[in-house]
Amino acid sequence: MVENKEKIKKISIICASADLETVYATLIMGNGAVMDGIETNLFFTFWGLNAITKSKMNKIKAPVIGNTAIPLPSILGLIPGLSWLLSKAMYWRMNQLDIPPVKEFLEMVEAGGGKIYACKAAVEMFMLSKEKLWEGVDSIITVGDFYDKSAGGQIIFT
Amino acid sequence: MSTKNIAGKTIEVNEEGYLLNMADWTKEIALELAKEINLPPLTDKHWQVIDYLRKNQAEGVALSLRKVGNSGIVDVKELYALFPGGPLKKSALVAGIPKPASCV
């Protein structure tokens, strides 16, 4: 279709944060890559593991404190429920744009052949296990495994 | 923009091969385009997806992977199997509608 000058063939995306914007950057870029026929790996580490942890994956929130994009004094971020409210609004708008919730989004990536991995060191740090992670997670891998799986492609840290 | 001779018709396409005018589309054109992008032989499911896309386009509904996956015709995995490596882009091309402008 497109004249391929040097089309990207393979991409590995690292998500190390549980903040909505980082998780969604990972999902949108990852899903977009899969949709374009690009071999895609998503690697979740540190707080990013929340996005693939069953009990937490659909509670990913937009931070209010320390978020300079929010036109409110940071101190108001201490008000309980503000982050929840902001996240609600974001999810509502995203849903209108056909941007699905985290679990459904990951399922789309997986349906297209994208692979989802959890970082072993972080899984151990947070005392998680395969059972606590979403079923679509391919495996828990080491950093070395990650580089092996990323061979021949490009790596993005969101 | 350029023109292209396909299935006995001269039609206008953009630089990526998408039909400029969805009214120019015929089933014969779809078959030719599918061959050009190396799709597997078109099945009933392909045609159902193509119909769905054309209908949505005519109604001005923005295309997205999620929408097609929830259409009741195919799920996302089946859509990938029908149009490998380009569930939206390839299906849109064959359906004679513009390249999807959505990121999802």
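These exercises work through one serine and several salt bridges in a predicted model.

Local features need pLDDT of at least 70, side-chain atom pairs count only at pLDDT 80 or more, and totals for chains, interfaces and linings use all residues. Residues are numbered from 1 along each chain as its sequence is written, chains are lettered from A and ligands numbered from 1 in the order in which they are written, and side-chain values use heavy atoms, without hydrogens and water.

**Exercise 1. Place A:Ser17 and describe its surroundings.**

Step 1. Locate the residue. A:Ser17 sits in the loop between β1 (10-15) and α1 (20-35) of chain A. Helices (H or I, at least four residues) and strands (E, at least two) are DSSP runs, numbered from the N terminus.

Step 2. Classify its accessibility. Buried means under 20% relative accessible area, exposed over 50%, partly exposed in between (1.4 Å probe, protein chains only). A:Ser17 has 17%, so it counts as buried.

Step 3. Check its side chain. It reaches the backbone nitrogen of A:Asp19 at 2.9 Å.

Step 4. List the neighbours, leaving out residues up to four places away in sequence. A:Ser17 touches A:Thr22, A:Val23, A:Thr45, A:Trp47 and A:Gly48. Contact means heavy atoms within 4.5 Å.

**Exercise 2. Find the salt bridge between A:Asp98 and B:Arg66 and say where its partners lie.**

Step 1. Set the criterion. A salt bridge is a side-chain nitrogen of Lys or Arg within 4 Å of a carboxyl oxygen of Asp or Glu. The whole structure holds 10 of them over all chains.

Step 2. Apply it. The closest N and O atoms of A:Asp98 and B:Arg66 are 3.7 Å apart.

Step 3. Map the pair. It crosses between chains: A:Asp98 is in the loop between α2 (82-96) and α3 (102-111) of chain A, B:Arg66 in helix α3 (residues 65-69) of chain B.

Step 4. Test burial. A:Asp98 is buried at 11%. B:Arg66 is buried at 9%.

**Exercise 3. Which salt bridge do A:Lys103 and A:Glu107 form, and why are they about one helical turn apart?**

Step 1. Their side chains meet at 3.2 Å, N to O, in a salt bridge.

Step 2. The two are four residues apart in helix α3 of chain A, so about one helical turn separates them.

Step 3. A:Lys103 is partly exposed at 31%. A:Glu107 is partly exposed at 33%.

**Exercise 4. Trace the salt bridge of B:Glu16 and B:Lys99.**

Step 1. The N to O distance is 2.9 Å.

Step 2. The pair links distant parts of the chain, 83 residues apart: B:Glu16 in the loop between β2 (9-13) and α1 (27-36), B:Lys99 in the segment after α5 (89-95) of chain B.

Step 3. B:Glu16 is buried at 19%. B:Lys99 is partly exposed at 30%.

Technical notes: A polar contact is a pair of N or O atoms within 3.5 Å; within protein, one must be able to donate a hydrogen and the other to accept it, and residues adjacent in sequence count only if both atoms are side-chain atoms.
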